[in-house]
Amino acid sequence: MPDPANTIIIAGAQGVIGRAAAQHYLRQPGTTVYALSRRSEGHVDGVRPIAVDLQNPADVRMKLGSITDATHIVFGAYLEKATAAEKSAVNLEILRNLLDVVEPASPALEHITFYQGGKAYGADLGPFKTPAREDDPRLMPPNFYYDQEDLLRERQKGRHWHWTALRPEAVCGFAIGNPMNLTMVIAIYAAISKELGLPLRFPGTEAAYRALYQVTSAKILASATEWAGREPAARNQIFNITNGDYFRWEHLWPRIARAFDMEVAYPVPTPLTTYMADKERLWDGMVQKYGLQPLPYDKLVSWAFGDFIFQSGFDNISSTIKARQCGFHDCIDTEDMFALFFEHLRQEKIIPRF
């Protein structure tokens with residue numbers, strides 16, 4: 001458990017990773033959480049929200065220069081760009097801009113946690129060596145994960161703070177406007193399918209239906225974040241963090257259907273970006289019909305991310321033995337995670353309780 005005097009700066013606090021980390025740290029007595037994002041609304045209750053543009057060094061200095069007691073940075077900010085080179089440039093820039101202000105202003109800084117993912121192993125490029133391990137060789141650059149890691153490795157020399165890189169896969173949690181959130185893809189797709197009287201048909205390829213896959217609960221990742229910030233064995237290390245199990249959609253999908261009291265039909269590769277593009281009016285009607293929160297349809301889910309996951313017809317699994325050997329043992333059965341998450345969405349009136 002963190003020391004009561006800890007002050008956490010979370011960049012990207014409204015994303016699925018940052019939001020879960022904020023909720024986790026707020027449960028630690030005496031901990032102060034500064035939540036950074038470009039948006040001023042929608043923060044977790046209890047944080048100290050700061051609307052800041054991390055691409056603007058002057059804005060970062062103005063908004064964060066007065067924070068002198070930061071002990072931990074949780075860097076979950078991310079900016080999407082069209083090319084790998086552009087992604088590297090901008091995501092390296094926002095990390096550097098944050099460090100340039102927070103590091104000299106907070107001499108008690110102890111730890112920086114940042115996030116990588118399957119792109120470190122080439123999961124976005126095609127089949128890769130599995131189970132993936134943290135000591136697997138790097139791929140051809142550009143890759144912003146490597147650039148951010150190299151920046152921290154270089155800046156950490158001679159400093160008393162340390163860093164940890166966590167590599168989840170398909171983080172599952174709740175956030176609005178997050179482009180990479182698999183659980184929301186499934187929940188909204190299932191709710192719309194049920195409203196239309198359709199079975200819950202896996203919308204990807206048969207190869208993806210049969211391949212081994214893994215996901216990471218946002219709560220597990222938040223717990224790993226806190227662990228990394230206090231565990232000496234995690235200093236200047238990289239860890240794969242997943243739920244701890246693997247699955248095939250062909251076995252899990254029928255159980256997801258049962259969570260919605262739906263029948264299952266044979267997979268048909270159905271591009272969600274095409275077939276869900278015209279469903280905004282239907283969703284708005286469901287919001288009225290079932291008394292759901294009036295959240296914008298285009299902010300609820302990224303169908304492109306769903307298509308990416310459901311069309312990946314190769315095994316995507318990584319070894320978590322290194323984290324376990326260093327003392328992190330949290331895990332959850334993925335089927336239980338989905339069931340709990342869908343029930344949470346019903347309670348929060350994000351999806352209907354049919």
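**Exercise 1. Is Leu340 buried or exposed, and in which helix does Leu340 lie?**

*Solution.* The structure used in these exercises is a predicted model. As a starting step, we locate the residue, and we find that Leu340 lies in helix H14. The next step is to look at the relative accessibility of Leu340, which is 58%, so that Leu340 counts as exposed, given that exposed means over 50%. To place the residue relative to another part of the chain, we may add that the C-alpha atoms of Leu340 and Asp261 are separated by 15 Å, although these residues are 79 residues apart along the chain.

**Exercise 2. Describe the surroundings of Leu196.**

*Solution.* Leu196 is found in the loop between H5 and strand E8, which covers 200-201. With a relative accessibility of 42%, Leu196 counts as partly exposed, because the value falls between the limits of 20% and 50%. If we leave aside the neighbours within four places in sequence, Leu196 is in contact with Lys279 and Leu282. As for Gln237, which is 41 residues apart from Leu196 along the chain, the C-alpha atoms of the two are separated by 48 Å.

**Exercise 3. Work out how many disulfides the structure holds, and explain the case of Cys331.**

*Solution.* The count is zero disulfides. Cys172 is in no disulfide, and the nearest cysteine sulfur, belonging to Cys331, is 15 Å away. Seen from the other side, the sulfur of Cys331 has its closest cysteine sulfur in Cys172, at 15 Å, and this is too far for a bond, because a disulfide needs two cysteine sulfur atoms within 2.5 Å. A last step is to ask about accessibility: Cys172 counts as buried at 5% relative accessibility, whereas Cys331, with a relative accessible area of 51%, is exposed.

**Exercise 4. Decide whether Glu149 is buried or exposed, and find the partner of its side chain in a polar contact.**

*Solution.* Glu149 belongs to helix H4, which runs over residues 144-156. The relative accessible area of Glu149 is 4%, and Glu149 is therefore buried, since buried means under 20%. Turning to the polar contact, we find that the side chain of Glu149 makes one with the side chain of Gln116, at 3.1 Å. Once neighbours within four places in sequence are left aside, the residues in contact with Glu149 are Phe114, Gln116, Arg138, Trp163, Arg167 and Ile238.

**Exercise 5. Describe how helix H5 packs with helix H14, and then how helix H2 crosses helix H3.**

*Solution.* Two packed helices are described by the angle between their axes and by the distance between the axes.

- Helix H5 (residues 182-195) and helix H14 (residues 334-347) pack at an angle of about 65 degrees, and their axes are 11 Å apart. Their crossing is right-handed. On the H5 side, Thr183, Met184, Ile186 and Ala187 meet Met337, Phe338, Phe341, Phe342 and Leu345 of H14. The residues of this contact divide into eight nonpolar, one polar and no charged.
- Helix H2 (residues 57-64) and helix H3 (residues 84-105) have axes that come within 9 Å and cross at roughly 35 degrees. The crossing of H2 and H3 is right-handed. Here Pro57, Val60, Arg61 and Leu64 in H2 meet Asn97, Leu98, Val101 and Val102 in H3, and the residues of the contact comprise six nonpolar, one polar and one charged.

How values were computed:
Residues numbered from 1 in each chain as written. Predicted model: local features only at pLDDT ≥ 70, side-chain atom pairs only at ≥ 80, totals over all residues. Heavy atoms only, no water. Buried < 20%, exposed > 50% of the residue type's maximum accessible area, 1.4 Å probe, protein only. Helix = DSSP H or I, 4+ residues; strand = E, 2+ residues; numbered from the N terminus. Polar contact = N/O pair within 3.5 Å; in protein donor to acceptor, adjacent residues only side chain to side chain. Contact = heavy atoms within 4.5 Å. Axes fitted to C-alpha atoms, helices over the stretch in contact; angles between N-to-C directions. Left-handed = near helix turned anticlockwise from the far one by under 90°. Nonpolar A, V, L, I, M, F, W, Y, C, P; charged D, E, K, R; others polar.
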